[in-house]
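Reader: I have a structure to go through. Could you take me over its surface, its charged pairs and its helix packing, in short steps?

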Amino acid sequence: MAQTEGQTPAQAPAKTTVARPAALVVCPSCDALCRMPRLAHGEDAACPRCGQVLAAPRHKAGMQIISLAFASLVLLIATLFFPFLEISAAGLSNATSVLDVVLAFTSGQLALLVLFTAGCILAIPALRMGLLLYVLIPLVFDTPPRRHAHAAFLLAERLKPWSMAEIFAIGCAVALIKVKDLAHVEFGPAFWMFAVLVLLVAQVQRNLCSRSVWDALEAGGSAVPPLQSKASRA
Amino acid sequence: MVGCRYCTRAWPAGTESCGVCGSKLVSRDRQSLQKVWAWWLVALLCYIPANLYPMLRTSTLGSVSQDTIVGGAITLAEHGSYVVAAIILLASVVIPTLKFLAIAYLAVSVSRPSSASQHTRHILYEVVEYIGRWSMIDVFVVAILSALVHLGSIASIEPGPASLTFALTVVFTMISAQSFDSRLIWDQLDDDQEKDPIRAD
């Protein structure tokens, strides 16, 4: 892990560096002003005061995130319709899809919970993946950023804590043990899709360095092209 | 200098919105503590009915039982599922309670001299932010169970009113933790504690 303080920016081999000159950044959690060193792919920059990771560029992360995000969108739509859990007792059986889980709260005055559950386990993860695709595809294929790409990425970042797919997966396991005594329960195909989905979303999160995305958006946008001007002067 | 909390870019003091990501720039959120306490209080009010009312209404072969959060965990433990009972107790009782205490402690500690170091409190804040979402587990369990267990007269499960108030508790404590401006923790640095070498930039 590279500390951001007082390092000369030209230490790493030029070939693997992210093409960005040293810039001042402000740690979002403790407000320390740091100089961002030039990072090689795979290196992390952490705030020297509080340890918050400020940047963590990964090799070919953009392409990986695009494929992972696309795969998780497909899985997310598929899980909606396939049975998630199947229950049977004394000859009666019932199969539940994720859609049924969401609609479980429609009866009675608990409709507020429907919206919330649907949002946290389906809508927000889907929206985040869609936004990431919208922002990253032009960046990876070297075309100008789409309209409102900045706002889209900001929204994706702010929605991060509200995306609760992994919590729902653990909830499934707990629910399973709770009804174990009552009836016989089996996982449906959608459960395994959902499990893979959780892993994919985690992998997207591991590869995503928001600092690099902001840099790329800034460089590709019409506002200021700091990369070009710096490079031509050098 | 003022920094953007979303894209970490530094701007000259007085800049109103970030030129990279467009979010509003504030050196310190002056109303941060007010917001924290407001959401904290609402969450606490929701937490009381969440514990008093039933979370689940289970009917099996004609008999109906209603379980509160703690009651449900006790039933599970009586059936021998100690691990699941522990998970439920941890996610729905221990974590929310500790979270209420931790947020209150952080909010109090930034407005008066505190004995705990900045680092300890910073870690506490990160833990609170990270772990808070996991309390939703009980709400999801109720959702799954009530969707799944519809076996006519043999067994059926319905959500109780506490599922809504508990979900609201989790949401409000999450918003309360997010409203806390963690930069306030670091404002109390004494000069001799100041270890940051490039602050002078």
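Author: A residue is buried under 20% relative accessible area, exposed over 50%, and partly exposed in between. Note that this is a predicted model.

Reader: Is B:A13 buried or exposed?
Author: B:A13 lies in the loop between strand 2 (10-11) and helix 1 (32-52) of chain B. Its relative accessible area is 60%. The cut-off for the upper class is over 50%. B:A13 is therefore exposed.

Reader: What distance separates the C-alpha atoms of B:A13 and B:V26?
Author: The two residues are 13 residues apart along the chain. Their C-alpha atoms are separated by 9.2 Å.

Reader: What is the pattern of chain B along the sequence?
Author: Chain B has six helices and six strands. Of its 201 residues, 51% are buried. Read along the sequence, the pattern is β-β-α-β-β-α-α-α-α-β-β-α.

Reader: Which residues make the nonpolar surface patch of about 400 Å²?
Author: Helix 1 (61-81) and helix 2 (98-103) of chain A each supply at least two of its residues. The patch is made by A:I77, A:F81, A:L99 and A:L103.

Reader: Is A:F81 buried or exposed?
Author: A:F81 sits in helix 1 of chain A. A patch residue needs over 30% relative accessible area. A:F81 has 60%, which is also over the 50% cut-off, so this residue is exposed.

Reader: How many salt bridges are there over all chains?
Author: Side chains of opposite charge can pair when their charged atoms come close. The whole structure was searched for such pairs. The count over all chains is seven.

Reader: Which residue of chain A meets B:R183 in a salt bridge?
Author: The N to O distance is 3.9 Å, and the cut-off is within 4 Å. The pair crosses between chains, from the segment after helix 6 (161-179) of chain B to the loop between strand 2 (23-26) and strand 3 (33-36) of chain A. Both side-chain partners are buried. The partner of B:R183 in chain A is A:D31.

Reader: Which residue of chain B forms a salt bridge with B:R183 at 3.0 Å?
Author: B:R183 has a relative accessible area of 1%, so it is buried. Its partner in chain B also counts as buried, at 1% relative accessibility. The closest N and O atoms are 3.0 Å apart, and the partner is B:D181.

Reader: Which residues are linked with B:R183 in a network of salt bridges?
Author: B:R183 pairs with A:D31. B:R183 also pairs with B:D181. The network links B:R183 with A:D31, B:D181 and B:R5.

Reader: How many residues apart are A:R58 and A:D44?
Author: A:R58 and A:D44 form a salt bridge, with the closest N and O atoms 3.1 Å apart. A:R58 is in the loop between strand 5 (53-55) and helix 1 of chain A, and A:D44 is in the loop between strand 3 and strand 4 (45-46) of chain A. The pair links distant parts of the chain, 14 residues apart.

Reader: Which of A:R58 and A:D44 is buried?
Author: A:R58 has a relative accessible area of 26%, so A:R58 is partly exposed. A:D44 has 17%, and the cut-off is under 20%. The buried residue is therefore A:D44.

Reader: At what angle do helix 3 of chain A and helix 6 of chain B pack?
Author: Helix 3 covers residues 111-140. The two axes are 10 Å apart, and the angle is about 45°.

Reader: Is helix 3 of chain A parallel, perpendicular or oblique to helix 6 of chain B?
Author: Roughly parallel needs an angle under 35 degrees, and roughly perpendicular needs 65 to 115. The angle here is about 45°. The crossing is left-handed. By angle, helix 3 of chain A is therefore oblique to helix 6 of chain B.

Conventions
Residues are numbered from 1 along each chain as its sequence is written. Chains are lettered from A and ligands numbered from 1 in the order in which they are written. This is a predicted model: local features need pLDDT of at least 70, side-chain atom pairs count only at pLDDT 80 or more; totals for chains, interfaces and linings use all residues. Side-chain values use heavy atoms; hydrogens and water are left out. Patches are made of residues with over 30% relative accessible area and no salt bridge: like charges are joined within 9 Å, nonpolar side chains (Val, Leu, Ile, Met, Phe, Trp, Tyr) within 5 Å. Accessible areas come from the Shrake-Rupley method with a 1.4 Å probe; for residues, only the protein chains shown count as cover. A salt bridge is a side-chain nitrogen of Lys or Arg within 4 Å of a carboxyl oxygen of Asp or Glu. Helices (H or I, at least four residues) and strands (E, at least two) are DSSP runs, numbered from the N terminus. Buried means under 20% relative accessible area, exposed over 50%, partly exposed in between (1.4 Å probe, protein chains only). Axes are lines fitted to C-alpha atoms, for helices over the stretch in contact, and angles run from 0 to 180 degrees between N-to-C directions. Angles under 35 degrees count as roughly parallel, over 145 as roughly antiparallel, 65 to 115 as roughly perpendicular and the rest as oblique. A crossing is left-handed if the near helix is turned anticlockwise from the far one by less than a right angle, and right-handed if clockwise.
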